[in-house]
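This briefing goes through one protein model by topic, from a single contact site outwards to the chain as a whole. Please keep the sequence and the structure in view while reading.

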Amino acid sequence: MAAQPAESNYFFKETIFIMKSYLIVFLISMLPIIELRGAIPYGVLFGLPTVPTYIVAIIGNMLPVPFIYLFARRVLVWGQDKPLIGKLFTFLLEKGEKGGQKLQAKAGRGLFVALLLFVGIPLPGTGAWTGTLAASILKMDFKSTTFAVTLGVLLAGVIMGLASNGLLGAIGLFFG
């Protein structure tokens, strides 16, 4: 048997590295609190192209949304009195309720836009997980919640993509 050429072996290793990197971006974007706010900078830091990183992070960030909407509140209420998870579940439920109350107070009738901006402006504690939980607590309908969260995730992704590539810093230097 003839050995594979070195060029073919390099291509295989590089392809595996890239696939692993995208998988890590995908998994990071699914994590609560971190979400795509951490996934996009990770991908850019490791040399992945921004647009595919953005797409993979969006998909990963949105995948948990229907499950959060349909089940998170029930699971958190169920787990509040359990010995090992009670404190964490209580904290998460209170965080969702506080987020929902803030959204409701600021938004009034503009809850859709408020949810979109809550998810879309990448600040600590705001994102698809908290926004979806807050929307389910406020009893927003599933379709409106999913659409507002999707638009918010797309906006947050654009902001993080720009920030990760230094464009916001460059604009600040230009105007500052």
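**Around S29, E35 and N61**

Leaving out residues up to four places away in sequence, S29 touches E35, L36, A39, V56, A57, G60 and N61. The model is a predicted one, and the points below keep to what was computed from it, beginning with this site and ending with the overall arrangement of the chain.

- S29 lies in helix 1, which covers residues 6-30, and its relative accessible area of 0% places it among the buried residues, because buried means under 20%.
- The side chain of S29 comes to 3.3 Å from the backbone oxygen of A57, and A57 is itself listed among the buried residues of helix 3.
- E35 belongs to helix 2 and counts as buried at 2% relative accessibility, while its phi is near 50°, a positive value in a residue other than glycine.
- N61 is part of helix 3 and is buried as well, with a relative accessibility of 1%.
- Between the side chains of N61 and E35 there is a polar contact at 3.1 Å, which links a residue of helix 3 with a residue of helix 2.
- Apart from residues up to four places away in sequence, N61 touches S29, E35, L36, A128 and V153; of these, V153 is one of the buried residues of helix 8.

**Helices 2 and 3**

- Helix 2 is mostly covered, with 8 of its 11 residues buried, namely E35, L36, R37, A39, I40, Y42, G43 and V44.
- Just after helix 2, G47 takes a positive phi of about 80°.
- Helix 3 has 13 residues, and the distance from its first C-alpha to its last is 18 Å, close to the 18 Å expected at 1.5 Å a residue.
- The buried residues of helix 3 are T53, A57, I58, G60, N61 and M62, and among them A57, G60 and N61 also appear in the list of residues that S29 touches.

**Helix 8 and its surroundings**

- Helix 8 runs over residues 142-164 and has 23 residues, and its reach of 32 Å from first to last C-alpha is close to the 33 Å expected at 1.5 Å a residue.
- Its buried residues are T145, A148, V149, G152, V153, A156, G157, M160 and G161.
- Which helices do the buried residues of helix 8 pack against? They pack against helix 2 (35-45), helix 3 (50-62), helix 4 (65-79), helix 6 (111-120) and helix 7 (128-137).
- Before helix 8, in the loop that joins it to helix 7, lies K139, whose phi is near 60°, a positive value in a residue other than glycine.
- K139 has a relative accessibility of 70%, and therefore counts as exposed, the cut-off for which is over 50%.
- Just after helix 8, G166 takes a positive phi of about 80°.

**L93 in helix 5**

- L93 is found in helix 5, which spans residues 86-107, and at 3% relative accessibility it counts as buried.
- With neighbours within four places in sequence left aside, L93 is in contact with R73, L76, V77, Q80 and I137.
- L93 and K13 are 80 residues apart in sequence, and their C-alpha atoms are 44 Å apart in space.

**The protein as a whole**

- The secondary structure comes to 9 helices and 0 strands, so that, by the definition used for these elements, the order from the N terminus on reads α-α-α-α-α-α-α-α-α.
- Along the principal axes, the C-alpha atoms fill a box of roughly 65 × 50 × 30 Å.
- Of the 176 residues of the protein, 36% count as buried.
- Among contacts with a separation of 6 or more, 68% are accounted for by residues 24 or more positions apart.
- The accessible surface comes to about 10,800 Å², and 74% of this area belongs to carbon and sulfur atoms.
- The protein has 14 positive and 7 negative charges, and the mean positions of these two groups are 8 Å apart.

Terms used: Residues numbered from 1 in each chain as written. Heavy atoms only, no water. Helix = DSSP H or I, 4+ residues; strand = E, 2+ residues; numbered from the N terminus. Buried < 20%, exposed > 50% of the residue type's maximum accessible area, 1.4 Å probe, protein only. Polar contact = N/O pair within 3.5 Å; in protein donor to acceptor, adjacent residues only side chain to side chain. Contact = heavy atoms within 4.5 Å. Expected span 1.5 Å × (residues − 1). Areas by Shrake-Rupley, 256 points an atom, 1.4 Å probe, with all protein chains shown as cover. Lys, Arg positive; Asp, Glu negative; His and termini not counted. Charge placed at Lys NZ, Arg CZ, Asp CG, Glu CD.
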